[in-house]
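Work through the exercises below with the sequence and the model open. Each task is followed by a solution in steps.

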Amino acid sequence: MHQSQLLIPTLREDPGEAEIVSHRLMLRAGMIRKVAAGIYTYLPLGLRVIRKVERIIREELDKAGAQEVLMPIASPAELWLETGRWDFYGKELFRFKDRHERDFCLGPTHEEVITDLVRREVRSYRQLPANFYQIQTKFRDEIRPRFGLMRGREFIMKDAYSFDADEAGAKESYRKMYEAYKAIFTRCGLTFRPVEADTGLIGGTSSHEFMVLADTGEEGIAVCDACDYAANVERAELVGTGVARAPVALANATGGGPPPVMQEHAHKPPADTLREKRRVPTPGKKTVEEVTAFLNVPATQLVKTLLYRADGKPVAVLVRGDHEINEVKLKKALGATDLVMADPALVAKLTGAPVGFAGPIGLSGATMLADWAVRPLTNIVVGGNAADTHWVDVTPGRDFTPDRYADIRNAIAGDACPRCAKPLRIVRGIEVGHVFMLGTKYSEKMKAHYLDKQGQECLIVMGCYGIGVGRTSAAAIEQNHDAKGIIWPAPIAPFHVHILPLAGKGKVLEAAIALETELTRAGIEVLVDDRDERPGVKFNDADLIGCPHQVVIGEKNLSQGLMELKERRTGTVTKLPHAEITTSLIRLLKLVSN
């Protein structure tokens, strides 16, 4: 394909709207253009990448036995009211009325629509298992769309839904999709990790996120190099004593039974190491940083007390000074559906002090929940429940006793792996896929039944599986780029080879077109920069666009029967006779695809 015939509006400067690498480079490389906040047009190069990701997805899902369907983007409110998500989903659900004043929404996901289809069409156990998928536009009215294709309002997504007769069948469907996802992201040329995750608004019993590893990733992942454990830092299971949990197989992690109970160690610090607690003035010192600097103690020796309302009831939450509360875990530990920080009036009522001085000693009127990491501490600093005051040399169990301990914080580097007790490492990742075990969450609410062999009605057991297609493309850039531009993995690159004739006419251009013909016949996708531009412009645009290989054809080398083959990732340049270019590229691209 000739570059002069394609719309590839490259930019020399970084767009002001771009906040992350992939957004910046997709705009600069002429792959997308903004229409409105979080809504983009895919230009020819960007669409080629999208279609390649889609093709890989289709091939792997078809291989896994899934059937492709296409559902409407608009769905009636009645379906969403059946599941309770019409109100629960919140403002991200884009609602509208048709000319007859009937309520509709633009689908951010399609559990309701597909369950409605199956309950109408699937009646017998003989029709199960079944798995249906689509690749289609979704819409979520994000409060703050940003990062280009990473968090848009309109986006292309692959969503799939499995339907089984029982839990065992559902776990097998989940396993197949889990393996299909691994194959998809491997074929896309990405470095990724499946991690345990929260089920969020989709719901269900368990889930895994598929994370592309990248330094610019928006999410932290706790990984263990000694075993295969990996989890979002907000999902990673922790105990303050560092006691590890027994290994759990994938089947267990996907609903195959409860995890083993964590064992608690009795906390009995040596008496001669404990100091008597005492109150000290801390004028104007409220934050962890201010208090620890003023008292000359590490953050690990301070316990902060944060006050919440959980379903309207006051709760005091204790975590170590260098740890962050995980509100998802906290809600689960409390069994709460609504969780908000206490306002200053409630803080003053419970503690008798302004915000910043809450502590556990003498605190009443609130349930007290402490993180496991607080339990073994001694001689710590806590708030004094009085203005400009803290307690020092406080020991849990002697000076205060929480109502209970729980895992309510985010993981940090060095925490014990819950599987093997080895230290966890924190890496950054970008979520590109998510698989859920739904169980009967939707089939029960929407009355999706089948008749078993005895003619009895049974609930269908479901799973759902999503991949962000545009997000996968953007994540590939976050993982594969340099200062000059994108470095596409060959399987999803817009073209395999970018030919750069350094003259826009004559023998140089003729040689470029002849090489294009040879490579195309060999099944290699080629972009020829046939524009009448300076060599420097062509080099810069080629590096920016990021095709895996470049072939540079200049008059001097051509007169000697040579061309330059450049590998975009390493910058390695090799001079080769024209006759060897095609065979070399075939070999290189096969190596990449393998």
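**Exercise 1.** Classify Thr216 as buried, partly exposed or exposed from its relative accessibility, and place Thr216 among the strands.

Solution. The model is a predicted one. Step 1: the relative accessibility of Thr216 is 40%. Step 2: buried requires under 20% and exposed requires over 50%, so Thr216 counts as partly exposed. Step 3: Thr216 sits in the loop that links β10 (206–213) to β11 (219–223). Step 4: Thr216 and Ala475 are 259 residues apart along the chain, and their C-alpha atoms are separated by 9.4 Å.

**Exercise 2.** Strand β10 also has a pairing partner, β9. Determine the sense of this pairing and how many residues of β9 are buried.

Solution. Step 1: β9 and β10 are antiparallel and share six bridges. Step 2: one pair to check is Ala197, whose bridge partner in β10 is Ser207. Step 3: β9 covers residues 192–197, and six of its six residues are buried. Step 4: split the strand by side. Phe192, Pro194 and Glu196 are on one side and Arg193, Val195 and Ala197 are on the other; all are buried, which leaves both faces of β9 covered.

**Exercise 3.** Find which members of the largest nonpolar core touch the most other members, and which helix gives the most to the core.

Solution. Step 1: the largest nonpolar core has 62 residues, and those touching the most other members are Ile57, Leu61, Tyr181, Ile184, Phe185, Phe210 and Trp488. Step 2: helix α6 (residues 167–187) gives the most to this core, with eight residues. Step 3: take Phe185 and leave aside its neighbours within four places in sequence; its contacts are then Leu190, Phe192, Phe210, Val432, Gly433, Ile467 and Thr472. Step 4: another core, of 26 residues, lies apart from this one, and its members include Leu128, Phe163, Met446 and Tyr450.

**Exercise 4.** Identify the peptide bond geometry between Leu128 and Pro129, then place Pro129 in the chain.

Solution. Step 1: omega is about 0° for the bond joining Leu128 and Pro129, a cis peptide bond. Step 2: Pro129 lies in the loop between α5 and β7 (130–139). Step 3: turn to the helix before that loop. Of the eleven residues of α5 (residues 111–121), eight are buried, so the helix is largely enclosed by the rest of the structure. Step 4: the buried residues of α5 are Glu111, Glu112, Val113, Ile114, Thr115, Asp116, Val118 and Arg119.

**Exercise 5.** Describe the hairpin formed by β5 and β6, and locate the positive phi angle in its turn.

Solution. Step 1: β5 (residues 94–97) and β6 (residues 103–106) run antiparallel and are joined by four bridges. Step 2: Arg95 has Cys105 of β6 as its bridge partner. Step 3: five residues lie between the two strands, and in the turn Glu101 has a positive phi of about 65°.

**Exercise 6.** Asp311 and Asp393 both have positive phi. Set out their locations and their exposure.

Solution. Step 1: phi is about 50° at Asp311 and about 60° at Asp393. Step 2: Asp311 is in the loop between β14 (303–310) and β15 (313–320), whereas Asp393 lies in strand β19 (residues 389–394). Step 3: Asp311 has 40% relative accessibility and so is partly exposed; Asp393 has 7% and therefore counts as buried.

**Exercise 7.** Decide whether Asn410 and Ala542 are buried or exposed, and list their contacts beyond four places in sequence.

Solution. Step 1: Asn410 has a relative accessible area of 17% and Ala542 one of 1%. Step 2: the cut-off for buried is under 20%, so Asn410 is buried, and Ala542 is buried too. Step 3: Asn410 is in the loop between β20 (404–406) and β21 (425–439), while Ala542 belongs to helix α14 (residues 535–545). Step 4: Asn410 touches Val233, Glu234, Leu238, Glu324, Ile325, Asn326 and Asp415; Ala542 touches His498, Leu500, Cys547 and Gln550.

Methods:
Residues are numbered from 1 along each chain as its sequence is written. This is a predicted model: local features need pLDDT of at least 70, side-chain atom pairs count only at pLDDT 80 or more; totals for chains, interfaces and linings use all residues. Side-chain values use heavy atoms; hydrogens and water are left out. Two strands pair if DSSP finds at least two bridges between them. Buried means under 20% relative accessible area, exposed over 50%, partly exposed in between (1.4 Å probe, protein chains only). A nonpolar core is a set of buried Ala, Val, Leu, Ile, Met, Phe, Trp, Tyr and Cys residues joined through side-chain atoms within 4.5 Å. Contact means heavy atoms within 4.5 Å.
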